[in-house]
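Welcome, and thanks for taking a look at this one. Below is a short tour of packing, rings, cysteines and a few local details.

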Amino acid sequence: MKNTANNALPEFGPEFGPCGERIACLKEFMLPERYDVLRRTLGMRTRYMTVLAENMYHGQNAAALIRHCEAFGVQEMHTVETLCSFEPNPDIARGAERWIDVRQHPSTAEAVAALRGAGYRIVATTPHREDVTPETFDVTQGPFALVFGTEHAGISDEVIASADEFLRIPMCGMVESLNVSASAAILIYMLSERIRLTVDGWRMSPAEQAGVLDGWMRESVKDAEAILQKLHLL
């Protein structure tokens with residue numbers, strides 16, 4: 001069992017290049033307690049697992065997906081918006097989008113190709129394939145992307161044809177599936193916990209952490225861009 005404690009977090013300074021220089025600068029405009037919260041949160045972030053939302057047209061579900069990623073430490077998610085825009089409901093997202101990197105792709109094929117090129121397994125979530133469950137899915141076999149489809153039609157035929165594995169949540173009742181938001185919450189929580197307990201190297205590298213912290217601090221410090229420009233750090 002792996003230790004999920006926030007130990008050995010790097011200190012970020014000029015040795016991390018421009019990101020480190022900006023972090024060191026903006027740290028002076030932030031309460032130490034706030035900086036520690038950002039570092040502790042960052043220490044639990046992962047890109048080992050990511051999420052792809054394919055044409056999710058309900059704003060409340062889009063917002064819920066972002067909140068699930070943020071709450072359970074998934075730093076990056078991806079969208080395909082060929083049929084509709086990914087527009088999270090701000091009343092539900094509650095600012096979670098500030099802390100998550102959302103990457104947009106022109107098409108499903110290009111999203112799958114980009115994710116696979118980055119080393120991710122494509123894992124389609126569907127109740128219609130007997131493959132693996134959250135308990136039996138092997139998280140140790142390498143990074144993976146969970147694909148969630150439209151609210152009514154589910155994942156596209158294109159995803160089905162290109163998926164490496166299929167993941168389902170077993171049902172004990174009369175209904176065959178949960179809605180997208182509920183399914184995503186269960187899967188992201190369960191799999192992110194299993195990753196932290198069983199996978200070495202689930203954390204982002206120090207350089208990746210510096211890049212994310214740079215962005216977070218620029219979001220958090222008032223007039224950050226003006227401060228950085230004045231000091232020639234942009």
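Which residues in the largest nonpolar core touch the most other members?

## The main core

They are Leu65, Met77, Phe144, Leu146, Phe148 and Ile188, out of 31 residues in that core. A nonpolar core here is a set of buried Ala, Val, Leu, Ile, Met, Phe, Trp, Tyr and Cys residues joined through side-chain atoms within 4.5 Å. Two or more residues each come from strand 1 (49-54), helix 3 (59-71), strand 5 (144-148) and helix 7 (180-198), and helix 7 gives the most, with 6 residues. Helices (H or I, at least four residues) and strands (E, at least two) are DSSP runs, numbered from the N terminus.

Before going further, please keep in mind that this is a predicted model: local features need pLDDT of at least 70 and side-chain atom pairs count only at pLDDT 80 or more, while totals for chains, interfaces and linings use all residues. Residues are numbered from 1 along each chain as its sequence is written, and side-chain values use heavy atoms, with hydrogens and water left out.

Leu65 shows what the packing looks like from one residue: not counting residues up to four places away in sequence, Leu65 touches Val51, Ala53, Met56, Met77, Phe148, Ala184 and Ile188 (contact means heavy atoms within 4.5 Å). Apart from this core lies another, of 20 residues, including Ala210, Leu213, Val221 and Ala224.

## Helix 1 and its cover

Helix 1 (residues 17-26) has Gly20, Arg22, Ile23, Cys25 and Leu26 as its buried residues. Buried means under 20% relative accessible area, exposed over 50%, and partly exposed in between, with a 1.4 Å probe and protein chains only. Among the elements covering those buried residues are helix 2 (32-42), helix 8 and helix 9.

## Aromatic rings

The structure holds 5 aromatic pairs. Rings of Phe, Tyr and Trp (its six-membered ring) pair if their centres lie within 6.5 Å; planes under 30 degrees apart count as stacked, over 60 as edge-to-face and the rest as tilted. One of the pairs, Phe12 with Phe16, is tilted, at 5.3 Å centre to centre and 55° between the planes. Phe12 is buried at 8% relative accessible area, whereas Phe16 is partly exposed at 23%.

Elsewhere, Tyr48, Phe137 and Phe144 form one aromatic cluster. Trp202 has a charged partner: the charged end of Arg196 sits over the Trp202 ring, 5.1 Å from its centre. The criterion is NZ of Lys or CZ of Arg within 6 Å of the ring centre and within 35 degrees of the ring normal.

## Cysteines

How many disulfides does a search of the whole structure find? The count is 0, with a disulfide taken as a pair of cysteine sulfur atoms within 2.5 Å. For Cys19, the closest cysteine sulfur is in Cys25, 13 Å away, so the two are too far apart for a bond. Cys19 is partly exposed, at 21%, while Cys172 is exposed, at 86%.

## Local details

Ser162 is in helix 6 (residues 157-162). The Ser162 side chain reaches the backbone oxygen of Glu158 at 2.9 Å. Leaving aside neighbours within four places in sequence, Ser162 is in contact with Val112, Arg116 and Ile122.

Two residues that are not glycines have a positive phi of about 60°: Asp223 and His232. Asp223 is found in the loop between helix 8 (206-220) and helix 9 (224-230) and is exposed, at 52%. His232 is found in the segment after helix 9 and is exposed, at 71%.

Terms used
A polar contact is a pair of N or O atoms within 3.5 Å; within protein, one must be able to donate a hydrogen and the other to accept it, and residues adjacent in sequence count only if both atoms are side-chain atoms.
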